[in-house]
Amino acid sequence: MKVLGIMGSPRVGGNSDILLDEALEGAGTVGAQVDKVILDRLKISGCHDCKKCNETGICIVKDDMQEIHKKILEADAIIHSCPVYFWTMPAQMKAYLDRWTALFDAEWRWHKNYYPRMKGKRIGLITVCGDPDVHTADPIVHSFKATADMTKLNWIGVVMASAMDKGEIGKNEKAKTEAFDLGKKIAG
Ligand SMILES: Cc1cc2nc3c(=O)[nH]c(=O)nc-3n(C[C@H](O)[C@H](O)[C@H](O)COP(=O)(O)O)c2cc1C
């Protein structure tokens with residue numbers, strides 16, 4: 001079982017990163033092989049909507065997303081983690097998600113090259129917002145869950161937490177336990 005963590009905050013060692021590490025640790029306790037990608041350290045352009053990938057399954061934009069596409073295909077489960085920026089996900093995570101387009105055909109079904117590998121892949125999400133109301137992150141949950149529903153990914157769950165300062169979530173035992181348990185569940 002391979003679990004891929006996608007870290008969408010530019011604050012390495014921040015709240016999303018801490019909770020993602022908890023989740024990956026949880027996955028590790030049930031024997032998963034874990035890997036983490038920090039999007040902000042990579043070069044990932046937005047989707048150009050050129051539609052070339054509809055035929056080939058290959059994105060024409062040559063940047064670090066090529067490598068991530070490979071990691072997505074190889075993983076059995078993917079856990080995304082990001083903060084809320086202006087009521088939605090940060091640009092790094094949005095650019096990454098838009099580039100999933102290369103995995104689909106013109107009808108937004110898995111591209112024939114990827115269908116067996118992508119169908120039923122497990123997916124989970126962690127969000128952190130500064131607002132004490134964790135539902136500020138609902139638009140992010142909607143993006144990932146609707147994508148999972150449309151493509152028949154296996155939605156395992158979401159952890160929604162609140163914290164403002166860098167590392168503040170480290171004091172939130174409930175959020176850390178929920179993230180750890182999400183990792184265990186996704187790999188179990
Ligand atoms: C550019 C920017 C926009 C933000 N917008 C929101 C927002 O709309 N709602 C909110 O609750 N928090 C917002 N925040 C606060 C972050 O979500 C919060 O600090 C979070 O803990 C950051 O997580 P991180 O440590 O993983 O980066 C924003 C922070 C930044 C830097």
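This report describes the sheet, the core, the ligand shell and several individual residues of a predicted model.

**The sheet**

Five strands form an open sheet in the order E2-E1-E3-E4-E5, and their pairing is parallel. Strand E2 (33-38) and strand E5 (154-162) each have a single partner strand and stand at the edges, so one side of each lacks a neighbour in the sheet. On average, and with direction ignored, neighbouring strands of this sheet are turned by 15 degrees against each other.

Three of the pairings are listed here with their bridges and one pair of opposite residues.

| Strands | Bridges | Sense | Opposite residues |
|---|---|---|---|
| E1 and E3 | five | parallel | Leu 4 and Ile 78 |
| E3 and E4 | seven | parallel | His 80 and Leu 125 |
| E4 and E5 | eight | parallel | Val 128 and Ala 161 |

Strand E3 is mostly covered, with seven of its seven residues buried. Both of its faces are covered: one side carries Ala 77, Ile 79, Ser 81 and Pro 83, and the other carries Ile 78, His 80 and Cys 82, all of them buried. Two of the residues on this second side also appear in the table, where Ile 78 is the bridge partner of Leu 4 and His 80 stands opposite Leu 125 in E4.

**The nonpolar core**

In soluble globular proteins, nonpolar side chains tend to be buried together. The largest nonpolar core of this model has 52 residues. Within this core, Val 3, Leu 19, Ala 23, Ile 79 and Val 159 have the most contacts.

Which residues does Ile 79 touch, leaving out those up to four places away in sequence? The contacts of Ile 79 are Val 3, Gly 5, Leu 20, Ala 23, Gly 124, Ile 126, Leu 182, Gly 183 and Ile 186. Val 3 and Ala 23, both in this list, are also among the core residues with the most contacts.

Gly 183, another contact of Ile 79, lies in helix H7 (residues 173-187). Gly 183 counts as buried because it has 32 C-beta neighbours inside 10 Å, and the threshold for burial is 20 or more. Apart from residues up to four places away in sequence, Gly 183 touches Glu 22, Ala 23, Leu 24, Glu 25, Gly 26, Ala 27 and Ile 79. A separation of 33 Å is found between the C-alpha atoms of Gly 183 and Ala 106, which are 77 residues apart along the chain.

**Helix H4**

Helix H4 (residues 91-98) is mostly covered, with six of its eight residues buried. These are Gln 92, Met 93, Lys 94, Ala 95, Tyr 96 and Leu 97. The buried residues pack against strand E1 (2-7), strand E3 (77-83) and helix H6 (138-151).

**The ligand shell**

The ligand is surrounded by 18 residues, of which Gly 14, Ser 16, Pro 83, Gly 130 and Asp 131 come nearest. Helix H1 (15-29) and strand E4 (122-129) are the elements that give two or more residues to this shell. By class, the shell has nine nonpolar, six polar and three charged residues.

Ser 9, in the loop between E1 and H1, touches several residues of interest here. Not counting residues up to four places away in sequence, its contacts are Gly 14, Ser 16, Asp 17, Cys 82, Pro 83 and Pro 90. Gly 14, Ser 16 and Pro 83 are also among the residues that come nearest to the ligand. With 25 other C-beta atoms within 10 Å, Ser 9 is buried. The C-alpha atoms of Ser 9 and Lys 94 are separated by 11 Å, although these residues are 85 residues apart along the chain.

**Two loop residues with positive phi**

Most residues other than glycine have a negative phi. Phe 86, which is not a glycine, has a positive phi of about 50 degrees. Lys 152 is not a glycine either, and its positive phi is about 60 degrees.

Phe 86 lies in the loop between E3 and H4, and Lys 152 in the loop between H6 and E5. Is Phe 86 buried or exposed? Phe 86 is exposed, because 8 other C-beta atoms lie within 10 Å and 12 or fewer count as exposed. Lys 152, with 13 C-beta neighbours inside 10 Å, counts as partly exposed.

Technical notes. Residues are numbered from 1 along each chain as its sequence is written. This is a predicted model: local features need pLDDT of at least 70, side-chain atom pairs count only at pLDDT 80 or more; totals for chains, interfaces and linings use all residues. A residue is near a molecule or strand if its C-beta atom, placed from the backbone, lies within 6 Å of it. Helices (H or I, at least four residues) and strands (E, at least two) are DSSP runs, numbered from the N terminus. Ala, Val, Leu, Ile, Met, Phe, Trp, Tyr, Cys and Pro count as nonpolar, Asp, Glu, Lys and Arg as charged, and the others, Gly among them, as polar. Two strands pair if DSSP finds at least two bridges between them. Axes are lines fitted to C-alpha atoms, for helices over the stretch in contact, and angles run from 0 to 180 degrees between N-to-C directions. A nonpolar core is a set of buried Ala, Val, Leu, Ile, Met, Phe, Trp, Tyr and Cys residues joined through C-beta atoms within 7 Å. Two residues are in contact if their C-beta atoms, placed from the backbone, lie within 7 Å.
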